[in-house]
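Thanks for making the time, everyone. I would like to walk you through one protein model this morning, going from single residues out to helices and sheets, and I will say what each term means as it comes up.

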Amino acid sequence: MPRLTRRGWAVLVAAVAAYACGEWAGFPVLRALGGAGFGAVVAALVVTARRPRVTVTREVYPDRVQRGRPAFARLRVHNETPRRHGGFTAGDRVDDGFNAVAVRPLAPGADAVYHYELPTTRRGRFQVGPLTLERVDPLGLGRSRLTTGDTTTLWVHPKIYPVRALVSGHPRHHHEGRTTDDSLHGSLDLRDVREYVVGDEVRHLHWKATARTGRLMVRDYVDPNQPRFTTLLDTRAALLPPPVFEEAVDLAASLVNAAAGAGYWCRLVTTGDAVDLKARGGPQAVRHVLDELCELAQDPGTPPLVPVGLTRTTDRGGSLVVVLASAHQPDLAAVAALRPHYSSTVVLTLAGGTATGVDVRIPGVQVIRVPNARGGTRRWNVAVTE
């Protein structure tokens, strides 16, 4: 449905006023100007009433990008009609903005490809689209809009800095003797022979035990030296202003990215149990964790630093890294209580841009004060090599 723009309404009002004044005062020139203005408005509505008869497709690449890195949308326009198609404007709504591209006139059956950059200054999950096709007359008096196509998701991940993975194992069990219930599955050391359950790998079937018992039996494998990496991220809004919180998310993302990329079993936990994500190492784990951090928001309350899920779970071991606002003694005491369950415990405190202080040590816990995410990763790389 074509509509008048602000300029179109102004011309229409002026045309009516000029024609009325011309009739009242008897000036033919005013009547002619009024008629010309009214004719221009009608012509604009007629021109814009023809909606674009083209096929427009959109592709976002890459669909996952770090904050501040470039991301683009590709528009492909195809004229399906046997006639020359006039120009129009095509674009997408992204977050609170609109990205427009001026499409030139197309010959019959012709294609045209256009690119434009998407905003990636903020971390988050953003909907791109649907496509909006807009036609405006040459004088800018009328326009028509057509919304078409589906939507695409753009994931803006936290910024990742180079980090060295911390070498740490899972020394709580061994295949000889008694093992814990949370021993890691799917590795090389035989722990037990048990009855088959749905989901077990068929290649682990123990045929001799199956023949002896009359039931399907499988070998249960564990790895006594499987590395684990747990990150506890402070999300309390009362202690972390939004800019400092973004630095904390970048720092946690960099640490987990390095650990998961090195093949570690990773766990991401936030205050208040808002997030408790477990992932095996590898590219899929990295993507899963970064997607979760992409949508992470601050906790408006003031829950304890250590969530209940981290104190009660048996899925502990390896390294524990805590990213928080400042080194308050109650928070450090809560972290120190977890020390017996991990081979190493490191606390990274963000100073919100202030100068880096001297490292503080309490029994079993190393506290490193850092100014921001970049400085934190640098100090981390030094600490893991000492």
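Let me begin with a definition: helices (H or I, at least four residues) and strands (E, at least two) are DSSP runs, numbered from the N terminus. Please keep in mind that this is a predicted model, in which local features need pLDDT of at least 70 and side-chain atom pairs count only at pLDDT 80 or more, while totals for chains, interfaces and linings use all residues. Residues are numbered from 1 along each chain as its sequence is written, and side-chain values use heavy atoms, with hydrogens and water left out.

With that in place, the protein has eight helices and 19 strands. Of its 386 residues, 44% are buried, where buried means under 20% relative accessible area, exposed means over 50%, and partly exposed is in between, with a 1.4 Å probe and protein chains only. If we take contact to mean heavy atoms within 4.5 Å, then among the contacts with a separation of 6 or more, 67% are between residues 24 or more positions apart.

The residue I would like to start from is D250, which sits in helix α4, residues 242-261. Is D250 buried or exposed? D250 has a relative accessible area of 1%, and therefore counts as buried. A polar atom of the D250 side chain lies 3.1 Å from the backbone nitrogen of K159; a polar contact, for reference, is a pair of N or O atoms within 3.5 Å, where within protein one must be able to donate a hydrogen and the other to accept it, and residues adjacent in sequence count only if both atoms are side-chain atoms. Leaving aside residues up to four places away in sequence, D250 touches R67, P158, K159, Y161 and A373.

The helix around D250 shares that setting, since 14 of the 20 residues of α4 are buried, so α4 is largely enclosed by the rest of the structure. From first C-alpha to last, α4 reaches 28 Å, close to the 28 Å expected at 1.5 Å a residue, the expected span being 1.5 Å times one less than the number of residues. After α4 comes G263, whose phi is positive, near 90°.

Helix α2, residues 28-48, makes a useful second case, with 21 residues and a reach of 30 Å, close to the 30 Å expected. Which residues of α2 are buried? They are G34, G37, V41, A44 and T48, and because they cover an arc of only 85° around the axis, they lie on the same side of α2; the arc is that of the directions from the helix axis to the C-beta atoms. On the other side of α2, P28, V29 and V46 are exposed. The cover over the buried residues includes β1 (3-4), α1 (6-25), β8 (124-136) and β9 (142-148).

Turning to the strands, two strands pair if DSSP finds at least two bridges between them. Strand β13, residues 228-233, has six of its six residues buried, so β13 is largely enclosed by the rest of the structure. In a regular strand the side chains alternate between the two faces of the sheet. In β13, R228, T230 and L232 point one way and F229, T231 and L233 the other, and all are buried. Six bridges join β13 to strand β14, residues 265-270, running parallel, and L233 has T270 in β14 as its bridge partner.

There is also an open sheet of three strands, in the order β2-β4-β7 with antiparallel pairing, whose edge strands, β2 (54-61) and β7 (111-118), each pair on one side only. Eight bridges hold the antiparallel pairing of β2 with β4, residues 71-79, and V56 stands opposite V77 in β4.

Within β4 lies A71, which counts as buried because its relative accessibility is 0%. A71 and L118 are 47 residues apart in sequence, yet 5.5 Å apart in space, C-alpha to C-alpha. Among the residues that A71 touches are Y61 and P62, and these two are joined by a cis peptide bond with omega about -15°. A second cis peptide bond runs from G129 to P130, with omega near 5°, and P130 lies in strand β8. As background, most residues other than glycine have a negative phi, and most peptide bonds are trans.
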